[in-house]
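Visitor: Before we walk through this one, could you tell me how each label on it is earned? I would like the reasoning as well as the names.

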Amino acid sequence: MGGPSAEHEVSLNTGKQIISHLDSNRYLATPVIITKTCQWIMPPFVKKISKTTEAVALPQTLALQEVAQQGMDVAFIALHGKYGEDGTIQGLLEALRIPYTGSKVLASALGMDKPRSLSVFRDSGLHVPAFRVMNKNELKRKSGQLQRELIKEFSLPLVVKPSDHGSSVGVSIVRNAGDLPNAIRDAFRYSPEIMIQKFIDGRELTCGVIEKENGKLLALPPIEIIPKLGKFYDYKSKYDDGGSDHLISPPNMPKSTLQHVQVAATLAHRAIGCAGMSRSDFILGKDNKLYILEINTIPGMTSTSLLPHAASAVNIHFPQLLDILIKNALRKN
């Protein structure tokens, strides 16, 4: 948990929640914290030396190898953002032959890369808001002209976001042309590649999918998100207490629409090859079309997170959800 991304604090909260909800009668959990500067921190291991024991603190370069040698059963990944959700930590764990929770390398990388995953979803038959990808070189070549092109292409309001971040970090809804340069600069703070996307006016929905112990996928009840602290589901609305209302299986939404959301979330999960769990975010537009915005291969597990809430609505409480994810990890490796 932790990591060098902008989602470091969210990741720490996820890790703490997971550790506190693991069944202590079944699991012996050792927290591994990765700092913002990529230092690996973990409690000292106990080594047997002859007939005595000795606690030793491990150098960071030897930490994972030592964990592997100690016979770790499974790594529960609680890293969000870059290095955690993009396939990096997954590849490292595979190289060390350590089983881990969640999706494997390719699905993780695709899920984190919004433009590429949206292209896959579009090819799979899902509705995707029109978007355009921009890098810093393109911006330098024709800054003023490019901004005029974007407004002409997408009209206002439009959405600007980093291509490979979660938790709404660096995301802006631009309603006035004068705000576009700052929104672009802010998004580029977090990624060398950003997305400009058509704004879809409608209702924000999310739907989790988990892989049951028999390997079958279960789409959880969709949740409608009503932000209270921001104009959209931004960082504060996601993580501050009281930041948003979460309506599980919203009563004012037709059952057929809820089922459509579940089918779309399952399709998105399969389209990029997710494993264990995922959570897809949607907008139900005023044109009555369901647009997928992104997929999360490691959804948050904090006290305000959506996947645990949806699972509890179908009597899968947090410790049981963690059991399912761990068993999936052991089965797939």
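Guide: Gladly, and please keep in mind that this is a predicted model. Let's begin with helix H8, where Leu180, Ala183, Ile184, Ala187 and Phe188 are the buried residues.

Visitor: What makes the buried residues of H8 line one face of the helix?

Guide: Looking down the axis of H8, you find its buried residues within an arc of 130°, so they sit along one face. There is a general reason behind such patterns: an α-helix has 3.6 residues a turn, so residues three or four places apart point the same way.

Visitor: Which strands does H8 lie across?

Guide: H8, residues 180-188, lies across E5, E6, E7 and E8, and runs at about 25° to E6. Those strands make up an open sheet in the order E5-E8-E6-E7, paired in the antiparallel sense.

Visitor: Why are E5 and E7 called edge strands?

Guide: Strand E5 (131-135) and strand E7 (172-174) each have a single partner strand, so one side of each has no neighbour in the sheet. On average, neighbouring strands here are turned by 25° against each other, direction ignored.

Visitor: How do you know that E6 and E8 are paired?

Guide: Pairing takes at least two bridges. Strand E6 (residues 158-162) and strand E8 (residues 193-198) have five, in the antiparallel sense, so they pass that test. One of the partnerships joins Val159 to Gln197 in E8. Helix H5 also packs on this sheet, touching E5, E6 and E8, with its direction at about 45° to that of E8.

Visitor: What is unusual about the peptide bond from Leu156 to Pro157?

Guide: That bond is cis, with omega near -5°. Pro157 belongs to the loop between helix H7 (143-154) and E6. As a rule, most residues other than glycine have a negative phi, and most peptide bonds are trans.

Visitor: Where is a positive phi found in a residue other than glycine?

Guide: Ser249 has one, near 45°, and is placed in the loop between strand E12 (244-248) and H10. Asn288 has another, of about 70°.

Visitor: Why is Ser249 called partly exposed, while Asn288 is called exposed?

Guide: Buried means under 20% relative accessible area and exposed means over 50%, with partly exposed in between. Ser249 has 32%, so it falls in the middle class. Asn288 has 62%, so it counts as exposed.

Visitor: What surrounds Asn288?

Guide: Asn288 lies in the turn of a hairpin formed by E13 and E14, which have four residues between them. Strand E13 (residues 277-285) pairs with E14 over six bridges, in the antiparallel sense. Arg279, for one, has Asn296 in E14 as its bridge partner.

Visitor: What makes strand E14 mostly covered?

Guide: Seven of its seven residues, 290-296, are buried. E14 also takes part in the largest nonpolar core, being among the elements that give two or more residues to it, along with H5 (114-123), strand E9 (202-211), H10 (255-271) and E13.

Visitor: Which element gives the largest share of this core?

Guide: H10 does, with five residues. The core has 23 residues, and those with the most contacts inside it are Leu118, Phe121, Leu205, Phe282, Leu290 and Ile292. Leu205 touches, among others, Val261, Phe282, Leu284 and Leu290. A second, separate core of 22 residues includes Ile225, Leu307, Ala311 and Leu322.

Visitor: Why are Cys207 and Cys274 called buried, and how many disulfides are there?

Guide: The cut-off for buried is under 20%. Cys207 has 1% relative accessibility, so it is buried; Cys274, with 11%, is buried too. A disulfide needs two cysteine sulfur atoms within 2.5 Å, and a search of the whole structure finds zero.

Visitor: What can you say about helix H3?

Guide: The buried residues of H3 (residues 88-95) are Ile89, Gln90 and Leu93. Seen down the axis, they fall within an arc of 105°, so they line one face of the helix. They pack against strand E2 (40-41) and helix H4 (105-112).

Visitor: And what share of the chain is buried?

Guide: Buried residues make up 49% of its 333 residues, in a chain with 12 helices and 14 strands.

Note on methods
Residues are numbered from 1 along each chain as its sequence is written. This is a predicted model: local features need pLDDT of at least 70, side-chain atom pairs count only at pLDDT 80 or more; totals for chains, interfaces and linings use all residues. Side-chain values use heavy atoms; hydrogens and water are left out. Buried means under 20% relative accessible area, exposed over 50%, partly exposed in between (1.4 Å probe, protein chains only). A nonpolar core is a set of buried Ala, Val, Leu, Ile, Met, Phe, Trp, Tyr and Cys residues joined through side-chain atoms within 4.5 Å. Contact means heavy atoms within 4.5 Å. Axes are lines fitted to C-alpha atoms, for helices over the stretch in contact, and angles run from 0 to 180 degrees between N-to-C directions. The arc is that of the directions from the helix axis to the C-beta atoms.
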